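Mentor: Let us examine how terms for contacts and empty spaces are applied to a structure. Please ask, for each term, what justifies its use.

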Amino acid sequence: MTTDYNHIFNQHWTIYQKILQHDYMGHQAVFGLLEGSLVTHFPDQSLDLLDIGCGDAQTLAAFLQTSALQSYTGIDLSKEALELVPKNVGSLNCAVTLMNDDFVAAIEQLTQEQIGQFDVIFSGFALHHVQDETKAKLFANIKQLLKPHGRFYLIDVYQQENETRETYLDRYLAPTLTHWHALDEHETALLNTHVRSSDFPSTRTKLESMAFDVGFANCECLLADPIHSNILLSMGK
Ligand SMILES: C[S@@+](CC[C@H](N)C(=O)[O-])C[C@H]1O[C@@H](n2cnc3c(N)ncnc32)[C@H](O)[C@@H]1O
């Protein structure tokens, strides 16, 4: 069982490395905007940062390495991914906590213990794995975990307003079949199966209304990229 899971993780990890290397999902633009906003909102500040679905933290590594951090907490279901975090971020000179858990359960647990503890809560390309109802509950808990001046940053894939999940999946996956040439046939098939079974993106309107409904006072959309289907929302109390 462990061997099987490691095998699955390794295959997905290799695919994600190729996606990042060729910028197929548009990481460079969206993470550039995220880092710019973090620097603007939190200049010269020692941050307590929570990263939901952190994976191996490589996409946030440059920011983590160049920022004044008081603490970094990462949550991910994959033990193998978390084991790569120290290699990717180096020694951060702050308290580092890695939680190998389902983020829904882990966030629920943190709200019992750490209300108002985080300056920044970030989630990158992870929350689309849960349905809208669970996302809404997560938004409510995330708001509780933030300090009064804290902000929640969400990077994720999003669905257009007029799309069904099926039409979204067909549109999103089309370029993986025609343009993501760095993936071989087996990797493309694996990616398509994973996305079709595991992705439940929300629309921009739905995400913004979840933010409003749990009482975030402001929710800015810093990017809505219909080509890559990426959205970056920044919300504060
Ligand atoms: C596409 S990766 C994104 C990694 C990183 N945040 C980034 O932006 O590149 C999605 C991550 O979410 C994690 N994940 C998915 N569902 C999860 C869950 N329910 N609880 C914890 N982690 C989860 C996966 O293990 C994976 O590492």
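Trainee: What makes the approach of glycine 53 to the ligand a polar contact?

Mentor: A polar contact is a pair of N or O atoms within 3.5 Å; within protein, one must be able to donate a hydrogen and the other to accept it, and residues adjacent in sequence count only if both atoms are side-chain atoms. A polar backbone atom of glycine 53 is 2.8 Å from a nitrogen atom of the ligand, so the pair qualifies. Polar side-chain atoms also reach oxygen atoms of the ligand: that of threonine 59 at 3.1 Å and that of aspartate 76 at 2.6 Å. The protein buries 83% of the 600 Å² that the ligand exposes when taken alone, with accessible areas from the Shrake-Rupley method and a 1.4 Å probe.

Please note that this is a predicted model, in which local features need pLDDT of at least 70 and side-chain atom pairs count only at pLDDT 80 or more, while totals for chains, interfaces and linings use all residues. Residues are numbered from 1 along each chain as its sequence is written, and side-chain values use heavy atoms, without hydrogens or water.

Trainee: Why is one space called a pocket and another a cavity?

Mentor: On a 1 Å grid over the protein atoms alone, a cavity is a set of points where a 1.4 Å probe fits but cannot get out, whereas a pocket is an open set with protein on both sides within 12 Å along at least five of seven lines; lining residues have an atom within 4 Å of a point. The largest pocket holds about 1,200 Å³ of space. Among its 43 lining residues, His12, Asp76, Phe125, His129 and His194 are the closest to its centre.

Trainee: How do you know that the largest pocket lies between domain 1 and domain 2?

Mentor: Domain 1 (45-157 + 199-215) and domain 2 (162-197) both contribute residues to its lining, and therefore it lies between them. The domain bounds come from an automatic or database domain assignment.

Trainee: Which residues line the second largest pocket?

Mentor: The second largest pocket, of about 160 Å³, is lined by Tyr24, Arg171, Tyr172, Pro175, Trp180, Pro226, Ile227, His228 and Ser229.

Trainee: How many cavities of 30 Å³ or more does a search of the whole structure find?

Mentor: The search finds one. The largest cavity has a volume of about 30 Å³, a volume being the space filled by probe spheres set on the points. Its lining consists of Lys135, Leu154, Asp156, Val157, Pro201, Ser202 and Leu207.
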